[in-house]
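Reader: Please take one loop of this structure and look at it closely. Then place it among the other parts of the chain.

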Amino acid sequence: LNANELTSTVDGIASSVNLTDQNVVSTKNITGTGITVTGGEGSSLKDVGLSITPGLDQTMLVTNGAGTVEWVPQPVIEPITNELTVTGNTITSNVSNVVDTAELIGTVENSVTGTSLVTLVNTVASTAVDLKGAIQQGQLNTVVDQGSGIEVTNTVVDDTTTYLVALDPTTANVAGDVTGTLSNTKVVGLQTKAVSAVSPTDKQVLTYNEVANQWEAKTPEVDVTKVLNGKALKSTDLSLSADASTALLKEVTIDINTGAVNSDKILDRTILAEDIANAGPKEVLVTGDTGEAQWSTQASVVQENQKTTVVQGSGDAIVTPVVVDKVTTYTVDVQSAMPKFFYMPSILMPTAEGQTSQGGVSFDNATRMGTVDLHAIYQAQFTTPVVASNPSAALPTLEADKLNFFVTYVDASVFTNLTLSEEGILTYEVTPTANVTTGSFMNIVFTVR
(Lines give C-alpha, C1' and ligand atoms only; values in the text may rest on other atoms or scores of the structure.)
Protein backbone atom coordinates (compact mmCIF):
# COMPACT_ATOMS: atom_id res chain seq x y z
CA LEU A 1 0.00 0.00 0.00
CA ASN A 2 1.51 3.30 -1.06
CA ALA A 3 -0.73 6.19 -0.22
CA ASN A 4 -4.04 5.20 -1.78
CA GLU A 5 -2.47 2.71 -4.20
CA LEU A 6 -2.59 -0.99 -3.21
CA THR A 7 -0.16 -3.32 -5.06
CA SER A 8 -0.44 -7.14 -4.95
CA THR A 9 2.33 -9.44 -6.40
CA VAL A 10 1.57 -13.15 -7.02
CA ASP A 11 4.35 -15.38 -8.48
CA GLY A 12 6.22 -12.29 -9.73
CA ILE A 13 3.15 -10.76 -11.38
CA ALA A 14 2.10 -7.41 -9.85
CA SER A 15 -1.31 -5.73 -9.94
CA SER A 16 -2.24 -2.32 -8.48
CA VAL A 17 -5.49 -0.49 -7.65
CA ASN A 18 -6.25 2.95 -6.19
CA LEU A 19 -8.42 2.93 -3.07
CA THR A 20 -11.30 5.46 -3.28
CA ASP A 21 -14.55 5.97 -1.40
CA GLN A 22 -16.30 4.24 -4.33
CA ASN A 23 -14.37 0.94 -4.16
CA VAL A 24 -13.71 0.89 -0.40
CA VAL A 25 -16.79 -0.17 1.60
CA SER A 26 -16.74 0.62 5.34
CA THR A 27 -19.13 -0.21 8.16
CA LYS A 28 -17.80 2.56 10.38
CA ASN A 29 -19.72 5.80 10.81
CA ILE A 30 -19.00 9.38 11.77
CA THR A 31 -21.36 10.48 14.58
CA GLY A 32 -21.54 13.49 16.85
CA THR A 33 -23.11 14.59 20.14
CA GLY A 34 -25.05 17.86 20.00
CA ILE A 35 -24.00 18.38 16.39
CA THR A 36 -25.63 17.51 13.03
CA VAL A 37 -23.63 15.07 10.87
CA THR A 38 -24.65 14.55 7.22
CA GLY A 39 -23.37 11.53 5.22
CA GLY A 40 -21.59 10.03 8.17
CA GLU A 41 -22.83 6.45 7.57
CA GLY A 42 -20.01 4.22 6.18
CA SER A 43 -17.68 7.19 5.71
CA SER A 44 -14.90 6.03 8.04
CA LEU A 45 -12.81 2.92 8.43
CA LYS A 46 -13.18 3.28 12.20
CA ASP A 47 -15.81 4.87 14.48
CA VAL A 48 -15.38 8.61 14.99
CA GLY A 49 -17.30 10.63 17.59
CA LEU A 50 -17.84 14.37 17.31
CA SER A 51 -18.90 16.66 20.14
CA ILE A 52 -19.03 20.41 20.82
CA THR A 53 -16.20 21.61 22.99
CA PRO A 54 -17.71 23.37 26.00
CA GLY A 55 -16.86 27.02 26.59
CA LEU A 56 -15.87 28.77 29.79
CA ASP A 57 -18.07 29.01 32.86
CA GLN A 58 -20.99 31.47 32.57
CA THR A 59 -20.73 31.58 28.74
CA MET A 60 -23.24 30.77 26.04
CA LEU A 61 -22.82 29.58 22.44
CA VAL A 62 -24.14 32.05 19.86
CA THR A 63 -23.83 32.83 16.18
CA ASN A 64 -22.04 36.12 15.69
CA GLY A 65 -22.45 38.66 12.95
CA ALA A 66 -19.86 36.95 10.75
CA GLY A 67 -22.01 33.80 10.74
CA THR A 68 -19.67 31.73 12.89
CA VAL A 69 -20.36 30.12 16.24
CA GLU A 70 -18.60 31.31 19.35
CA TRP A 71 -18.81 31.22 23.13
CA VAL A 72 -19.61 34.63 24.67
CA PRO A 73 -20.18 35.74 28.28
CA GLN A 74 -23.83 35.19 29.44
CA PRO A 75 -25.78 38.50 29.56
CA VAL A 76 -27.71 39.66 32.66
CA ILE A 77 -31.48 38.88 32.17
CA GLU A 78 -34.03 40.89 34.14
CA PRO A 79 -36.61 38.77 36.01
CA ILE A 80 -40.10 38.52 34.41
CA THR A 81 -43.07 39.68 36.58
CA ASN A 82 -46.82 39.03 36.07
CA GLU A 83 -49.51 40.89 38.03
CA LEU A 84 -53.20 39.93 37.68
CA THR A 85 -56.10 42.14 38.85
CA VAL A 86 -59.88 41.61 38.51
CA THR A 87 -62.42 44.38 38.20
CA GLY A 88 -66.00 43.10 37.77
CA ASN A 89 -65.88 40.64 34.89
CA THR A 90 -62.54 42.05 33.53
CA ILE A 91 -59.13 40.53 34.33
CA THR A 92 -55.99 42.66 33.78
CA SER A 93 -52.56 41.05 33.23
CA ASN A 94 -49.36 43.13 33.72
CA VAL A 95 -46.33 41.15 32.49
CA SER A 96 -43.14 43.15 33.03
CA ASN A 97 -45.12 46.40 32.55
CA VAL A 98 -46.92 45.04 29.49
CA VAL A 99 -50.64 45.34 30.22
CA ASP A 100 -53.49 43.34 28.61
CA THR A 101 -57.15 42.80 29.59
CA ALA A 102 -59.80 40.12 28.89
CA GLU A 103 -63.36 39.17 29.96
CA LEU A 104 -63.38 36.45 32.65
CA ILE A 105 -66.82 34.92 31.80
CA GLY A 106 -68.08 34.91 28.24
CA THR A 107 -71.18 32.66 28.49
CA VAL A 108 -73.19 31.17 31.36
CA GLU A 109 -75.87 28.52 30.78
CA ASN A 110 -77.99 26.68 33.37
CA SER A 111 -79.96 23.46 32.78
CA VAL A 112 -82.23 21.52 35.15
CA THR A 113 -82.89 17.78 34.77
CA GLY A 114 -85.30 16.50 37.40
CA THR A 115 -83.95 18.13 40.58
CA SER A 116 -80.34 18.37 39.30
CA LEU A 117 -78.86 21.80 38.27
CA VAL A 118 -75.85 21.98 35.91
CA THR A 119 -74.11 25.31 35.10
CA LEU A 120 -71.98 25.75 31.95
CA VAL A 121 -69.42 28.63 32.22
CA ASN A 122 -67.63 29.28 28.95
CA THR A 123 -69.02 25.84 27.80
CA VAL A 124 -67.33 24.15 30.79
CA ALA A 125 -69.93 22.17 32.79
CA SER A 126 -70.00 22.26 36.55
CA THR A 127 -70.70 19.32 38.83
CA ALA A 128 -74.47 18.71 39.05
CA VAL A 129 -76.15 20.13 42.15
CA ASP A 130 -79.18 18.26 43.59
CA LEU A 131 -81.84 20.89 44.43
CA LYS A 132 -84.29 18.41 45.98
CA GLY A 133 -83.50 19.37 49.56
CA ALA A 134 -83.69 23.10 48.85
CA ILE A 135 -86.96 22.69 46.91
CA GLN A 136 -88.56 20.62 49.66
CA GLN A 137 -87.36 23.03 52.36
CA GLY A 138 -88.67 26.08 50.51
CA GLN A 139 -91.97 24.71 49.28
CA LEU A 140 -95.32 25.44 50.92
CA ASN A 141 -96.45 22.95 53.58
CA THR A 142 -99.75 21.09 53.12
CA VAL A 143 -101.69 20.06 56.22
CA VAL A 144 -104.55 17.53 55.90
CA ASP A 145 -106.70 17.77 59.03
CA GLN A 146 -108.88 14.81 60.01
CA GLY A 147 -112.29 16.13 60.97
CA SER A 148 -115.19 14.39 62.67
CA GLY A 149 -116.28 11.26 60.77
CA ILE A 150 -113.32 11.58 58.37
CA GLU A 151 -110.40 9.16 58.20
CA VAL A 152 -107.14 10.29 56.54
CA THR A 153 -104.37 7.88 55.62
CA ASN A 154 -101.19 8.62 53.67
CA THR A 155 -98.87 6.51 51.57
CA VAL A 156 -95.32 7.60 50.66
CA VAL A 157 -93.74 6.20 47.48
CA ASP A 158 -90.34 7.73 46.68
CA ASP A 159 -90.97 11.53 46.61
CA THR A 160 -94.78 11.32 46.40
CA THR A 161 -97.15 11.36 49.39
CA THR A 162 -100.73 10.29 48.60
CA TYR A 163 -103.49 11.23 51.05
CA LEU A 164 -106.67 9.12 51.12
CA VAL A 165 -109.62 10.95 52.64
CA ALA A 166 -112.62 8.73 53.38
CA LEU A 167 -115.62 8.63 55.64
CA ASP A 168 -115.10 6.76 58.90
CA PRO A 169 -118.13 4.43 59.11
CA THR A 170 -117.74 4.11 62.88
CA THR A 171 -117.94 7.86 63.61
CA ALA A 172 -119.60 9.50 60.56
CA ASN A 173 -123.23 10.31 61.37
CA VAL A 174 -126.21 10.71 59.06
CA ALA A 175 -129.49 12.46 59.81
CA GLY A 176 -132.95 12.58 58.31
CA ASP A 177 -135.11 9.52 57.55
CA VAL A 178 -131.95 7.40 58.18
CA THR A 179 -129.93 8.14 61.34
CA GLY A 180 -126.91 6.80 63.19
CA THR A 181 -123.32 6.09 62.12
CA LEU A 182 -122.58 4.66 58.67
CA SER A 183 -121.85 1.26 60.20
CA ASN A 184 -124.97 1.26 62.36
CA THR A 185 -127.87 3.05 60.68
CA LYS A 186 -131.57 2.73 61.21
CA VAL A 187 -134.63 3.97 59.30
CA VAL A 188 -136.73 6.30 61.46
CA GLY A 189 -138.89 7.71 58.67
CA LEU A 190 -140.02 7.53 55.03
CA GLN A 191 -140.79 10.72 53.11
CA THR A 192 -140.67 12.61 56.46
CA LYS A 193 -143.27 10.22 57.92
CA ALA A 194 -142.18 8.40 61.08
CA VAL A 195 -141.62 4.64 61.16
CA SER A 196 -143.02 2.69 64.12
CA ALA A 197 -140.43 1.43 66.60
CA VAL A 198 -142.27 -1.91 66.93
CA SER A 199 -140.18 -4.64 65.24
CA PRO A 200 -141.90 -6.56 62.39
CA THR A 201 -142.62 -10.28 62.51
CA ASP A 202 -142.49 -12.98 59.81
CA LYS A 203 -144.26 -12.23 56.50
CA GLN A 204 -145.32 -8.69 57.49
CA VAL A 205 -145.11 -5.69 55.17
CA LEU A 206 -144.69 -1.97 55.79
CA THR A 207 -148.00 -0.07 55.55
CA TYR A 208 -148.95 3.53 56.30
CA ASN A 209 -151.37 4.22 59.21
CA GLU A 210 -153.04 7.49 58.35
CA VAL A 211 -154.63 7.81 61.80
CA ALA A 212 -151.33 7.34 63.68
CA ASN A 213 -149.46 9.25 60.94
CA GLN A 214 -146.70 6.64 60.78
CA TRP A 215 -145.48 3.56 58.94
CA GLU A 216 -146.22 0.24 60.68
CA ALA A 217 -145.43 -3.44 60.05
CA LYS A 218 -148.60 -5.47 59.39
CA THR A 219 -149.62 -8.77 57.84
CA PRO A 220 -151.00 -7.93 54.37
CA GLU A 221 -154.73 -8.37 53.79
CA VAL A 222 -156.05 -8.71 50.23
CA ASP A 223 -159.69 -7.71 49.77
CA VAL A 224 -160.94 -9.21 46.50
CA THR A 225 -163.38 -6.34 46.15
CA LYS A 226 -160.45 -3.93 46.01
CA VAL A 227 -158.49 -5.84 43.36
CA LEU A 228 -158.63 -3.90 40.13
CA ASN A 229 -158.49 -5.57 36.69
CA GLY A 230 -158.77 -9.10 38.12
CA LYS A 231 -158.03 -11.98 35.72
CA ALA A 232 -160.34 -14.85 34.88
CA LEU A 233 -159.99 -18.46 36.02
CA LYS A 234 -160.60 -20.60 32.91
CA SER A 235 -161.17 -24.29 32.25
CA THR A 236 -162.34 -26.27 29.26
CA ASP A 237 -163.48 -29.24 31.35
CA LEU A 238 -164.75 -27.67 34.62
CA SER A 239 -167.82 -25.61 35.47
CA LEU A 240 -166.83 -22.34 37.17
CA SER A 241 -168.89 -19.76 39.06
CA ALA A 242 -169.64 -16.35 37.59
CA ASP A 243 -167.20 -14.50 39.87
CA ALA A 244 -164.31 -16.61 38.49
CA SER A 245 -164.03 -14.06 35.67
CA THR A 246 -162.21 -11.61 38.01
CA ALA A 247 -160.92 -13.98 40.69
CA LEU A 248 -157.19 -13.92 39.82
CA LEU A 249 -154.39 -11.42 39.43
CA LYS A 250 -153.37 -13.18 36.18
CA GLU A 251 -155.19 -15.57 33.86
CA VAL A 252 -154.96 -19.29 34.65
CA THR A 253 -156.34 -22.17 32.58
CA ILE A 254 -157.21 -25.46 34.33
CA ASP A 255 -157.30 -28.69 32.32
CA ILE A 256 -157.22 -32.38 33.20
CA ASN A 257 -153.97 -34.02 32.06
CA THR A 258 -154.20 -36.94 29.66
CA GLY A 259 -154.27 -40.13 31.70
CA ALA A 260 -154.92 -38.27 34.95
CA VAL A 261 -158.41 -39.83 35.30
CA ASN A 262 -157.80 -43.32 36.71
CA SER A 263 -159.98 -45.91 38.40
CA ASP A 264 -159.74 -44.04 41.70
CA LYS A 265 -161.45 -41.05 40.08
CA ILE A 266 -164.27 -43.10 38.42
CA LEU A 267 -167.23 -44.26 40.47
CA ASP A 268 -167.76 -48.00 40.20
CA ARG A 269 -170.25 -49.10 37.48
CA THR A 270 -170.72 -45.58 36.14
CA ILE A 271 -169.25 -46.44 32.69
CA LEU A 272 -171.88 -48.29 30.73
CA ALA A 273 -171.57 -50.43 27.61
CA GLU A 274 -173.15 -47.71 25.48
CA ASP A 275 -170.39 -45.29 26.65
CA ILE A 276 -167.79 -47.36 24.72
CA ALA A 277 -168.57 -47.17 21.01
CA ASN A 278 -167.15 -48.93 17.91
CA ALA A 279 -166.29 -52.18 19.73
CA GLY A 280 -166.39 -55.40 17.64
CA PRO A 281 -167.27 -58.88 18.83
CA LYS A 282 -164.79 -60.42 21.22
CA GLU A 283 -162.56 -57.30 21.13
CA VAL A 284 -160.79 -55.74 24.05
CA LEU A 285 -159.56 -52.18 24.55
CA VAL A 286 -155.73 -52.04 24.55
CA THR A 287 -152.99 -49.43 24.16
CA GLY A 288 -151.26 -49.35 20.79
CA ASP A 289 -147.52 -48.98 20.01
CA THR A 290 -147.76 -45.17 20.07
CA GLY A 291 -149.78 -45.06 23.30
CA GLU A 292 -153.25 -44.50 21.82
CA ALA A 293 -156.25 -46.61 22.90
CA GLN A 294 -157.57 -49.04 20.29
CA TRP A 295 -159.79 -52.12 19.99
CA SER A 296 -158.08 -55.47 19.30
CA THR A 297 -159.16 -59.12 19.15
CA GLN A 298 -158.46 -61.29 22.13
CA ALA A 299 -156.31 -63.70 20.05
CA SER A 300 -153.90 -60.97 18.93
CA VAL A 301 -153.64 -59.65 22.48
CA VAL A 302 -152.76 -63.12 23.75
CA GLN A 303 -150.18 -63.59 20.99
CA GLU A 304 -148.48 -60.23 21.67
CA ASN A 305 -148.26 -60.98 25.35
CA GLN A 306 -146.82 -64.49 24.98
CA LYS A 307 -143.53 -64.97 26.82
CA THR A 308 -140.44 -66.74 25.54
CA THR A 309 -138.22 -68.33 28.19
CA VAL A 310 -134.58 -69.22 27.58
CA VAL A 311 -133.24 -71.60 30.23
CA GLN A 312 -129.56 -71.23 31.01
CA GLY A 313 -128.18 -74.62 31.97
CA SER A 314 -125.15 -75.28 34.13
CA GLY A 315 -121.89 -74.65 32.24
CA ASP A 316 -123.65 -73.18 29.20
CA ALA A 317 -122.87 -69.82 27.63
CA ILE A 318 -124.08 -66.63 29.28
CA VAL A 319 -127.52 -65.60 27.95
CA THR A 320 -128.28 -61.84 28.03
CA PRO A 321 -131.86 -60.71 27.12
CA VAL A 322 -132.55 -57.18 25.84
CA VAL A 323 -136.21 -56.06 25.52
CA VAL A 324 -137.13 -53.30 23.04
CA ASP A 325 -140.89 -52.66 22.87
CA LYS A 326 -142.31 -56.22 22.68
CA VAL A 327 -139.25 -57.81 21.05
CA THR A 328 -136.79 -59.66 23.29
CA THR A 329 -133.29 -60.28 21.85
CA TYR A 330 -131.15 -62.97 23.51
CA THR A 331 -127.38 -62.67 23.19
CA VAL A 332 -125.42 -65.86 23.83
CA ASP A 333 -121.87 -65.09 24.96
CA VAL A 334 -119.74 -68.10 23.94
CA GLN A 335 -116.60 -66.49 25.33
CA SER A 336 -118.04 -66.52 28.84
CA ALA A 337 -118.78 -70.23 28.53
CA MET A 338 -115.22 -71.08 27.49
CA PRO A 339 -112.71 -72.40 30.03
CA LYS A 340 -110.38 -69.81 31.52
CA PHE A 341 -107.34 -71.39 29.80
CA PHE A 342 -106.43 -74.34 27.55
CA TYR A 343 -103.26 -75.71 25.93
CA MET A 344 -102.27 -75.00 22.35
CA PRO A 345 -102.82 -78.03 20.05
CA SER A 346 -99.62 -80.01 19.46
CA ILE A 347 -97.58 -78.82 16.47
CA LEU A 348 -94.03 -79.34 15.16
CA MET A 349 -91.79 -76.35 15.85
CA PRO A 350 -89.51 -76.36 12.74
CA THR A 351 -85.73 -76.13 13.18
CA ALA A 352 -85.00 -76.26 9.41
CA GLU A 353 -86.72 -75.22 6.15
CA GLY A 354 -87.75 -78.78 5.34
CA GLN A 355 -90.09 -78.91 8.35
CA THR A 356 -92.60 -76.25 7.25
CA SER A 357 -95.25 -78.29 5.43
CA GLN A 358 -98.09 -77.22 7.75
CA GLY A 359 -99.87 -73.88 7.28
CA GLY A 360 -98.94 -70.84 9.38
CA VAL A 361 -95.28 -71.98 9.77
CA SER A 362 -92.08 -70.67 8.14
CA PHE A 363 -88.32 -71.01 8.71
CA ASP A 364 -85.20 -69.31 7.24
CA ASN A 365 -81.97 -71.38 7.29
CA ALA A 366 -79.83 -68.26 6.68
CA THR A 367 -81.06 -66.38 9.75
CA ARG A 368 -82.08 -69.56 11.67
CA MET A 369 -85.34 -67.70 12.48
CA GLY A 370 -88.72 -69.47 12.66
CA THR A 371 -92.26 -67.99 12.66
CA VAL A 372 -95.45 -69.77 13.83
CA ASP A 373 -99.01 -68.34 13.68
CA LEU A 374 -100.36 -69.98 16.86
CA HIS A 375 -103.92 -68.64 16.44
CA ALA A 376 -104.22 -69.72 12.78
CA ILE A 377 -103.04 -73.28 13.60
CA TYR A 378 -105.43 -73.44 16.59
CA GLN A 379 -108.42 -72.37 14.47
CA ALA A 380 -107.46 -74.76 11.63
CA GLN A 381 -107.25 -77.79 13.97
CA PHE A 382 -110.41 -76.94 15.95
CA THR A 383 -112.61 -76.19 12.91
CA THR A 384 -111.40 -79.16 10.81
CA PRO A 385 -110.65 -82.05 13.20
CA VAL A 386 -109.34 -85.29 11.71
CA VAL A 387 -112.23 -87.31 13.16
CA ALA A 388 -115.12 -86.58 15.57
CA SER A 389 -117.40 -88.82 17.65
CA ASN A 390 -120.36 -86.65 16.64
CA PRO A 391 -119.97 -85.31 13.07
CA SER A 392 -122.66 -82.68 13.70
CA ALA A 393 -120.87 -81.30 16.77
CA ALA A 394 -118.26 -78.47 16.54
CA LEU A 395 -115.48 -77.17 18.72
CA PRO A 396 -115.93 -73.52 19.77
CA THR A 397 -113.17 -71.08 18.69
CA LEU A 398 -112.39 -67.49 19.58
CA GLU A 399 -110.81 -64.68 17.58
CA ALA A 400 -107.26 -63.61 18.40
CA ASP A 401 -108.44 -60.43 20.17
CA LYS A 402 -110.38 -62.62 22.65
CA LEU A 403 -107.28 -64.59 23.71
CA ASN A 404 -103.95 -64.11 25.46
CA PHE A 405 -100.96 -66.26 24.45
CA PHE A 406 -98.23 -67.61 26.76
CA VAL A 407 -95.11 -69.81 26.35
CA THR A 408 -94.74 -71.57 29.72
CA TYR A 409 -91.81 -73.87 28.83
CA VAL A 410 -89.08 -73.99 26.14
CA ASP A 411 -85.92 -75.99 25.56
CA ALA A 412 -83.46 -73.09 25.96
CA SER A 413 -80.60 -75.11 24.41
CA VAL A 414 -82.52 -75.12 21.11
CA PHE A 415 -84.92 -72.13 21.03
CA THR A 416 -83.80 -68.56 21.92
CA ASN A 417 -84.81 -64.93 21.28
CA LEU A 418 -88.56 -65.64 21.52
CA THR A 419 -91.13 -62.90 20.77
CA LEU A 420 -94.93 -63.26 20.93
CA SER A 421 -97.39 -60.67 19.51
CA GLU A 422 -100.96 -59.97 20.69
CA GLU A 423 -102.21 -61.68 17.49
CA GLY A 424 -100.48 -64.94 18.48
CA ILE A 425 -97.49 -64.69 16.07
CA LEU A 426 -94.51 -66.49 17.67
CA THR A 427 -90.96 -65.94 16.37
CA TYR A 428 -87.82 -67.68 17.64
CA GLU A 429 -84.19 -68.43 16.75
CA VAL A 430 -82.60 -71.89 16.68
CA THR A 431 -79.14 -71.93 18.26
CA PRO A 432 -76.25 -72.88 15.90
CA THR A 433 -75.26 -75.72 18.27
CA ALA A 434 -78.83 -77.02 18.71
CA ASN A 435 -79.12 -80.76 19.46
CA VAL A 436 -82.80 -81.58 18.95
CA THR A 437 -83.97 -84.35 21.32
CA THR A 438 -87.28 -85.61 22.66
CA GLY A 439 -87.12 -82.79 25.22
CA SER A 440 -86.84 -80.09 22.55
CA PHE A 441 -90.42 -78.74 22.70
CA MET A 442 -92.50 -75.81 23.95
CA ASN A 443 -95.56 -75.59 26.19
CA ILE A 444 -98.04 -72.94 24.90
CA VAL A 445 -101.13 -71.87 26.86
CA PHE A 446 -104.14 -69.82 25.70
CA THR A 447 -106.19 -67.80 28.22
CA VAL A 448 -109.63 -66.33 27.52
CA ARG A 449 -109.79 -62.56 28.04
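**The loop between S30 and S31**

Author: Asn365 lies in the loop between strands S30 and S31. The model is predicted, so local features are given only at pLDDT of at least 70 and side-chain atom pairs only at pLDDT 80 or more, while totals for chains, interfaces and linings use all residues. Residues are numbered from 1 along each chain as its sequence is written, and side-chain values use heavy atoms, with hydrogens and water left out. Strands (E, at least two residues) and helices (H or I, at least four) are DSSP runs, numbered from the N terminus.

Asn365 is partly exposed, at a relative accessible area of 40%. Here buried means under 20% relative accessible area, exposed means over 50%, and partly exposed is in between (1.4 Å probe, protein chains only). Apart from neighbours within four places in sequence, Asn365 is in contact (heavy atoms within 4.5 Å) with Ala352 and Glu353. Thr351 is 14 residues from Asn365 along the chain, and their C-alpha atoms are separated by 8.4 Å.

Arg368 lies in this loop too, ahead of strand S31 (369–373). Most residues other than glycine have a negative phi. Arg368 has a positive value, near 60 degrees. Its relative accessibility is 26%, so Arg368 counts as partly exposed.

On the other side of the loop, strand S30 (361–364) is one of the elements that give two or more residues to the largest nonpolar core. Such a core is a set of buried Ala, Val, Leu, Ile, Met, Phe, Trp, Tyr and Cys residues joined through side-chain atoms within 4.5 Å. This one has 23 residues, and those touching the most other members are Met344, Met349, Val372, Leu374, Leu403, Tyr428 and Phe446. Besides S30, the elements that give two or more residues are H4, S32 (403–410), S34 (425–430) and S35 (442–448). The largest share comes from S35, with four residues.

Helix H4 covers residues 374–383, and Leu374, His375, Ile377 and Tyr378 are buried in it. Seen down the helix axis, these buried residues fall within an arc of 165 degrees (taken from the directions from the axis to the C-beta atoms), so they line one face of H4. An α-helix has 3.6 residues a turn, so residues three or four places apart point the same way. Met344 touches three of these residues of H4, namely Leu374, Ile377 and Tyr378, and also Ile444 and Phe446, leaving out residues up to four places away in sequence.

Other places in the chain can be set beside this loop. Ser96, like Arg368, has a positive phi, near 50 degrees. Ser96 is found in the loop between strands S8 (90–95) and S9 (98–103). At 34% relative accessibility, Ser96 counts as partly exposed.

Asn154 is found in strand S14 (residues 150–157), and is partly exposed at 48%. Leaving aside neighbours within four places in sequence, Asn154 is in contact with Thr161, Thr162 and Tyr163. Thr161 lies in strand S15 (residues 160–167) and, on the same terms, is in contact with Asn154, Thr155 and Val156. Its relative accessibility is 37%, so Thr161 counts as partly exposed. From Asn154 to Val144 it is 10 residues in sequence and 9.8 Å in space, C-alpha to C-alpha.

Side chains of opposite charge can pair when their charged atoms come close. A salt bridge is a side-chain nitrogen of Lys or Arg within 4 Å of a carboxyl oxygen of Asp or Glu, and the count by this rule is one. Glu216 forms it with Lys218, the closest N and O atoms being 4.0 Å apart. Glu216 is buried, at 15%, whereas Lys218, at 40%, counts as partly exposed.

Over the protein chain there are four helices and 35 strands. Of its 449 residues, 13% count as buried. Among contacts with a separation of 6 or more, 23% join residues 24 or more positions apart.
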